[in-house]
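Visitor: Hi, could you walk me through this one? I'd like to ask things as they come to me.
Guide: Sure, let's bring it up.

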Amino acid sequence: MQGSPQFIFVGIAQYILFFKFTRIDAVKTYQEFKQVDYPHIGESVLQYWKENQIFEKSISNREGAKTFTFYEGPPSANGTPGIHHVMARTLKDIFCRYKTLRGFQVKRKGGWDTHGLPVELQVEKELGITKEDIGKNPTAGRAGITVAEYNKKCRETVMRFKNEWDELTEKIGYWVDLEDPYITFDSNYIESLWYLLKQLYEKGLLYKGYTIQPYSPAAGTGLSSHELNQPGCYREVKDTSITGQFKLKGQPNTYILAWTTTPWTLPSNSALAIGENLDYVKVRTFNPYTHLPVDVILAKARVASYFSPKAAELPLEDYRPGDKLIPYQVLEEFKGKSMIGWEYEQLLPIPGLALPHPAFTVVAGDYVTTEDGTGIVHLAKAFGADDFRTLVQQKVPGIFVQDELGNEVPVVDRQGKFLPIVGEYLVAKMQEHGISAHKTFGPNDFYVKNYTQDDEAAPDYKNTDVILSILLKNENKAFKVEKYEHSYPHCWRTDKPILYYPLESWFIKTTAYKDRMVELNKTIQWKPEATGTGRFGNWLENLVDWNLSRSRFWGTPLPIWRTADGTEEKCIGSIAELQAEIDKSVAAGLMTASPYAGKELDLHRPYVDDVILLSPKGQKMFRETDLIDVWFDSGAMPYAQWHYPFENKDVFAANFPADYIAEGVDQTRGWFFTLHALSVMLFDSVSFKNVIANGLVLDKNGNKMSKRLGNAIDPFKTLKEYGPDALRWYLLSNANPWDNLKFNLDGVTEVQRRFFGTLQNTYNFFALYANLDAFIYRAEKAIPVQERAELDQWILSKLQSLILEVEAAMDGYDATKATRAIQNFTVDQLSNWYVRLARKRFWRGDMQADKQAAYETLYECLFTLSQLMSSFAPFYADWLYKNLTEAGESGKASVHLTDWNTANHSLINPDLETSMDLAQTISSLVHSLRKKEKIKVRQPLQRILVPVLSEKFKSQVAHVAELIQTEVNIKEIEYLDDASGILVKNIKPNLPVLGKKLGPKMRFVVAALQGWGATEINQIEREGNYLLSVEGEEIDLLLEEVLISSQDIPGWSVASDQGVTVALDVNVTEELKQEGVARDLVNRIQNLRKDLGLEVQDKITLLVSDSNPLVNASIALFGGYIQEETQAISLSLGKLEGEATVLDMDEFELPVRLIKA
RNA sequence: GGGCUUGUAGCUCAGGUGGUUAGAGCGCUACACUGAUAAUGUAGAGGUCCGUGGUUCGAGUCCACGCAAGCCCA
């Protein structure tokens, strides 16, 4: 090596390096690492990125390039981040990094979700107050807080853990712009929202309507679901339940039975719901109250609850009115589906409450069960959320009347009593049926629950439900009436039962764009696909209008002002418009001054509520007090993050729609929907083209992580122990991100050991020898691939295939495939095969072409890997990249600033890859045989036999013969072809091919082939076909329809796998034995060297005891080899006197003396 | 209750369009290698492919009905 041109060249490079980096170990151009501290790599690379602004450069470098748009779904910073956030954020990060390498400019604006109920609840809890206290003065015994103070507190709370979030984001290497994030409480952000709301308003898509909510007539207020979940709200109560008889039209004397625990809703019945897949029966029997014969319909599974089994045998004709047992007979059975559309007569035909078709028909309801009742559910549109939704979807009208303003109102008023229209009917019916009660009822006295403090213990006490049930019994309209104990929600303030009641809300008419949303959804690539077609697609198919209203305090106010009578209203679409309207209002004298005069503009409550505007007709308009759903905030981020359209119109245009977004699958009806809905309604576009909906991160036993149970994984602790790269790699490679992940730290350890450890070993191996040989990679001086060894060509071929595989996976948003492919290449191909077989090339001799080629090949593999893996393990990849490139000074400042190296197709050599596969298979088979025969690999053997059935196969094996020979320590490979005459062939049907041709006749042919011998096989091989007679039919069997293999060599011990068969010649000749001893000797001396602590390059002298003829013969023949391997400058046989080491040679002992030269 | 997802070795996961003997890694057992060495290799054991029916010459794969777990919605 001394004096070679290569050395001089390298020497200069080192010289330069010495001064540039002032390294102490200046001879070493590639850094070597004994142990690797992965967390430290994460920290130091992060530091490097910060100091050199690598993230900023990765974007500014791509100025003018095609854009790849990513939208950040804003997290809420009022809680600390968990391990599942690492998953979500990693998933977001990798595709942005990948696309950057592929030449796109990828801007990623961070964002924060700041409004909403969770924030408010947290503040309520911390202040020890409830919703009732907000906006009230403190009074005796109660806290109180102004809306202004309350919202101030919310604003403070919501960013409380921003620092933790930012820290996590940085430490896991999620590149997103944290300097200039969008914040949903920002005035500019809200202004954009107002603009969008006004767009919807002007399209007529914003309207005020009803939604069925829990309502307390006693308190006169709606209750939120969280108020309803307060402990003690649900109580066991006894209510009158009625099974009503609804008379069918077109089927004489036939009734549908439907059960309700709220009889007061029966006057509002307008449909009946069945379960499409449930079984129903028609039963002939008698009404237990009127004793009239009736045919009734109910779910088959409920028959036993309505009829006594003892009565089943009784003949119908024997029934006498008053009999305890009522006979019954099942007439027919059918599926619920067949009942859809059946018409029935209105149960209570109250004058003025008639409805047109399709009212009073049977519809399908997905919530119908056979757990209680009749398996048929009575629907009253005004008084049940399910009822309302079903009837809206089925376009069935509900029972409502018009109030004096022309608005539709239910027949129960806000005090919880029937309107006179029902009251009058009931008064008349009570007279008609002679029903007496504890008091005289007037038309205005029918409260649906006891809201009037009536004494329930009073004699003859009857509530509205009871009165209704009596009259239904009398009119042959009730099949069963009984007290029923169940759990029913009560108002936490008044203790009175609540009603489900239609309350006013603002809606976005998403249903108007349903078809378009469905259509555009089909253009989105969902990962996994089923979330798009199923979960999201089905949701769109069953879309209802978006209820926008929230009766809360901390959120985006609805920008609609209305007159008190609701006849005039105005929607405000910008701050400027608001200012102008305020000015008008002030000029008209409605306000003395603008509430914002001299103050900072805050569009939140309570300030915006102080604004009174002037209507066109000169009336006062007040803001509708509702806030809007926070999901509108986040769904509008494509526009509002840029303050569109007030600023950045061009930026928005260049970044809409997103190419890619990712969030948890729980966002399907949340962010994914609101993004989609708004873009379709406002821009007739999707808002994202590709989306990954990731699953949950569970603990290792598959349970939900929770801080309370203590099974939550702390991301910061995990990062500290394992570093970011192994963690990210584990999250991505272990399972598809859309499946739930059972998070197990052992898995992270495994990734670290198996993948990163192996890669690191490979790098260390390279660095160690490259430094010894002073090798530095120079692309321009590299040896052309076709001039390199076959092994090099092979690994480079594999490498190109890997690049293609990673590209395909990443272009299809499949990170798991990509990471697994990289890992398999690194561990199986590069480390366990290439490096192992090529090792000797690195440590032998001078720096000739073969050795240089080996270095270059290994370097190119590692270099390419650093780029391929950089999206997934950004810290380690950059560190590896820097270690590889610093020496040559050829690299960029970071792997993340490089351009993607696409695959070189000309280097892909499928034949060579097949050959190498064969080498691996054959080696494995020989190992297996050696084990079976108990002959260790160190013992050389003469030959293996390989049957070859084609020339191609033979040449493919011959190609890698030397490799196999070295790998399994044999002298030669002998090929057995047809001519040898000793092959035993096997024939099997090629099933996929033959199955299509033969179908049912297959099994006869399969049976026939099993009986075949050499004659038949030879014939079909010779002639290309064979006429087979089965079941009296001639079948022409073609050669390509069968598979012929050789799995046996008579007289030999063989092993087979994947159609390859190998036999091993186990005969150990004297010379082979001697060679074996020589190798054993080398092995023992190497161990001795190591025990003595000798360095690789240390020379020794060796004296071997002249005591064993086998050893003597071995040394005579292989002394040179032994000396070379053990770096012995002398090797002599003789009598050992004094100090000697006794080597255990398995079969004998051998004293030697080893002295360092 | 509905929609969707998942169920394959002790554990984590692969298994286009149905094809004969269902694979990998970890773990376990044994052995080998020893100039990548706190590294590595090889082999072995380990399966009712959640269950039951069905379609088919043939089902882990397709269909139906269940069971179990999870998410979302009621």
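Visitor: Where does P528 lie?
Guide: P528 lies in the loop between β17 (525–527) and α15; helices (H or I, at least four residues) and strands (E, at least two) are DSSP runs, numbered from the N terminus. The peptide bond from K527 to P528 is cis, with omega near -5°.

Visitor: Before we go on, what should I know about the model and the numbering?
Guide: This is a predicted model, where local features need pLDDT of at least 70, side-chain atom pairs count only at pLDDT 80 or more, and totals for chains, interfaces and linings use all residues. Residues are numbered from 1 along each chain as its sequence is written, chains are lettered from A and ligands numbered from 1 in the order in which they are written, and side-chain values use heavy atoms, with hydrogens and water left out.

Visitor: Which residue does a cis peptide bond join to P645?
Guide: Y644; omega for that bond is about -5°. P645 sits in the loop between α18 (637–640) and α19 (649–654).

Visitor: On to the RNA. Which residues come nearest to strand B?
Guide: R535, N734, N832, S924 and P989 come nearest, out of 53 residues around RNA strand B. A residue is near a molecule or strand if one of its heavy atoms lies within 4 Å of it. Of the atoms of RNA strand B that come within 4 Å of the protein, sugar and phosphate account for 67%.

Visitor: And what polar contacts are there with the backbone of the RNA?
Guide: A polar contact is a pair of N or O atoms within 3.5 Å; within protein, one must be able to donate a hydrogen and the other to accept it, and residues adjacent in sequence count only if both atoms are side-chain atoms. Among the contacts, an N or O atom in the side chain of N736 is 3.2 Å from a phosphate oxygen of RNA strand B. E750 has a polar side-chain atom 2.9 Å from a sugar or linking oxygen of the strand, and for R754 the distance to a sugar or linking oxygen is 3.4 Å.

Visitor: Which elements give two or more residues to that surface?
Guide: Those near RNA strand B are α15 (529–541), α22 (745–772), α24 (815–843), α27 (910–933), α30 (991–998), α31 (1002–1010) and α33 (1070–1091).

Visitor: How do the residues there divide into nonpolar, polar and charged?
Guide: The surface near RNA strand B has 14 nonpolar, 19 polar and 20 charged residues. Ala, Val, Leu, Ile, Met, Phe, Trp, Tyr, Cys and Pro count as nonpolar, Asp, Glu, Lys and Arg as charged, and the others, Gly among them, as polar.

Visitor: New topic: which side chains of β32 are buried?
Guide: In β32 (residues 1025–1030), Y1026, L1028 and V1030 point to one face and are buried, while N1025, L1027 and S1029 point to the other and are not. Buried means under 20% relative accessible area, exposed over 50%, partly exposed in between (1.4 Å probe, protein chains only).

Visitor: Why the alternation?
Guide: In a regular strand the side chains alternate between the two faces of the sheet.

Visitor: What does β32 pair with?
Guide: Strand β33 (residues 1033–1038), in the antiparallel sense over 6 bridges; two strands pair if DSSP finds at least two bridges between them. S1029 stands opposite E1034 in β33. The hairpin has 2 residues between the strands, and E1031 takes a positive phi near 50° there.

Visitor: How many aromatic pairs does the structure hold?
Guide: There are 66. Rings of Phe, Tyr and Trp (its six-membered ring) pair if their centres lie within 6.5 Å; planes under 30 degrees apart count as stacked, over 60 as edge-to-face and the rest as tilted. One of the pairs is W671 and F672, tilted, at 6.4 Å centre to centre with 35° between the planes. W671 is buried at a relative accessible area of 1%, and F672 is buried at 0%.

Visitor: Got one from a helix?
Guide: Y876 and W879 form a tilted pair, 5.4 Å centre to centre and 45° between the planes. They are 3 residues apart in helix α26 (residues 874–885), so about one helical turn separates them. Y876 and W879 are buried.
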